[in-house]
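Here is a short tour of a protein chain for someone who works at the bench. Please keep the model open beside the text as you read.

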Amino acid sequence: MKNKIQIIFSILILTIASSSYAEIQLPKLFTNNMVLQRDMQVEIWGWAEKGENIKLAFMGNTFSTVANESGEWIVQLPASPVGGPYKMTIAGENTIHLKNIMFGDVWVCSGQSNMYFRVAAAKNSYKDINEANYKNIRLFQIDKDSNYKPKKDLASGEWLECSPKTVRKFSAVAYFFGRELHKKIDVPIGLIHTSWGGSKIQAWMDAETIKDFDDYRKQVEKIKKTPDYFAQLEQEYEEKGGNLLVKAIYKQDPGFNDDGTLSDNKFLNEKNWKDILIPGYWEDSELPGYNGIVWYRKKMELPKVFQDKDLLLDLGWVDDYDFTFFNGKRVGETFYKGTERRYKIPKEIIKNGVNEILVCVYDSYGKGGFWGPRKSHIKIDKDVSGLQISLQGLWQYKPGL
């Protein structure tokens, strides 16, 4: 079953449109630190100028091929046992060097929200994260990106050695599975994480497979006959109301205007705000049993070094939906409790003196609010000095809708 999944995954990535390439290029699936499947033939592919001679050197052997009319080329490597690390060189008009390549077992890890749930959000995760030094477990995160047609490459991604730094954002289920498997069979493990909370299995299946099911055969045929089928579907969705939940919140909560901008009425003024500690669920402190919207506010004076620079606002995790504003300007919104909120604050909206963070949190059931263990902070965007201001501690809150 695993090999079949790998083959399907390869076919999806290998679907190529006719293009011309000035130099050799590789899909993002092939990078330093990658794991190749042991004991079976492996294909390495990419793109180059049509007719370009490609030489691939690997494990003491050299393989030659030529890019076809569409600029595609492919090399088949013979089956190899567990081993590594190896180096690979791919040469033509330019040369690409890859290193730290292992042969082991490669697993595609997919699913919905319980698979997307990250290591850092797991119970007592600090211990698992701090101990996650496994140089022969390699992680490949496929970021969320949807399209109606197969794409020739991923939008982003690279193979990373498992470490406390790289594992924290990875799928908890995938990592714990890979860790135990690695300990048991002692071979390199490659984990490709590709999941999307709430997605249906049909979205992950190709048209030919779906045609095997009577309920979907007619729909597949209709899609193939209608070039702009999905564009029509999106238009119909918008005409029928689009995201009805968000629109209902805008129209009913007193903190919003109908278009989602902040209301200038008295609801958001200085009165009737109370103190609350962040992080923490509001049910555990100030609002037991409450579902709906709670507005959070924090005011602070930023140091001079933070002014005239783009900032990064890191709120950690919010359960479930947040609408986040900085000095009255919307800077982001996210739905899903397991996603870290990181929003860019453009320097144009930063004030000298006091600045205000305003977060509208919507929770429909269970517990809601900012939740740990992740520490929230604000810092200069892309700054590596470690200078940041903690946002944990005392905020103000006010119930809304």
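The chain has an accessible surface of about 21700 Å², and carbon and sulfur atoms account for 52% of that area. Accessible areas come from the Shrake-Rupley method with a 1.4 Å probe, and for residues only the protein chains shown count as cover. Before going further, please note that this is a predicted model, in which local features need pLDDT of at least 70, side-chain atom pairs count only at pLDDT 80 or more, and totals for chains, interfaces and linings use all residues. Residues are numbered from 1 along each chain as its sequence is written, and side-chain values use heavy atoms, with hydrogens and water left out.

**Overall layout**

Nine helices and 22 strands are found in the chain; these are DSSP runs numbered from the N terminus, with helices being H or I of at least four residues and strands E of at least two. The C-alpha trace spans about 75 × 50 × 45 Å along its principal axes. Of the 401 residues, 44% are buried, where buried means under 20% relative accessible area, exposed means over 50%, and partly exposed lies in between (1.4 Å probe, protein chains only). Taking contacts (heavy atoms within 4.5 Å) between residues at least 6 apart in sequence, 71% join residues at least 24 apart.

**Two nonpolar cores**

A nonpolar core here is a set of buried Ala, Val, Leu, Ile, Met, Phe, Trp, Tyr and Cys residues joined through side-chain atoms within 4.5 Å. The largest one has 30 residues, and those with the most contacts inside it are Leu36, Ile44, Trp73, Leu77, Met88 and Ile90. Elements that give two or more residues to this core include β1 (35-37), β2 (42-47) and β3 (53-58), while β7 gives the most, with five residues. Look at Ile90: leaving aside neighbours within four places in sequence, its contacts include Ile24, Leu26, Ile44, Ile54 and Trp73. A second, separate core has 29 residues, among them Ile276, Val331, Phe370 and Trp395.

**Cysteines and a buried aspartate**

How many disulfides are there? The count comes to zero, a disulfide being a pair of cysteine sulfur atoms within 2.5 Å. The sulfur of Cys109 has its closest cysteine sulfur in Cys162, 12 Å away, so the two are too far apart for a bond. Cys109 is buried at 6% relative accessibility, and Cys162 is buried at 3%.

Asp319 sits in strand β14 (residues 311-319) and is buried, with a relative accessible area of 5%. Beyond its neighbours within four places in sequence, Asp319 is in contact with residues including Tyr281, Lys337, Asp363, Lys367 and Trp371.

**Backbone details**

Two cis peptide bonds precede prolines. One runs from Gly84 to Pro85, with omega near 0°, and Pro85 belongs to strand β6. Another joins Ile278 and Pro279, with omega about 5°; Pro279 is in the loop between β11 (274-278) and β12 (280-281).

The table lists residues other than glycine that have a positive phi.

| Residue | Phi | Loop | Relative accessibility |
|---|---|---|---|
| Asn124 | about 55° | between α2 (113-116) and α3 (125-130) | 47%, partly exposed |
| Asp308 | near 65° | between β13 (292-301) and β14 | 66%, exposed |
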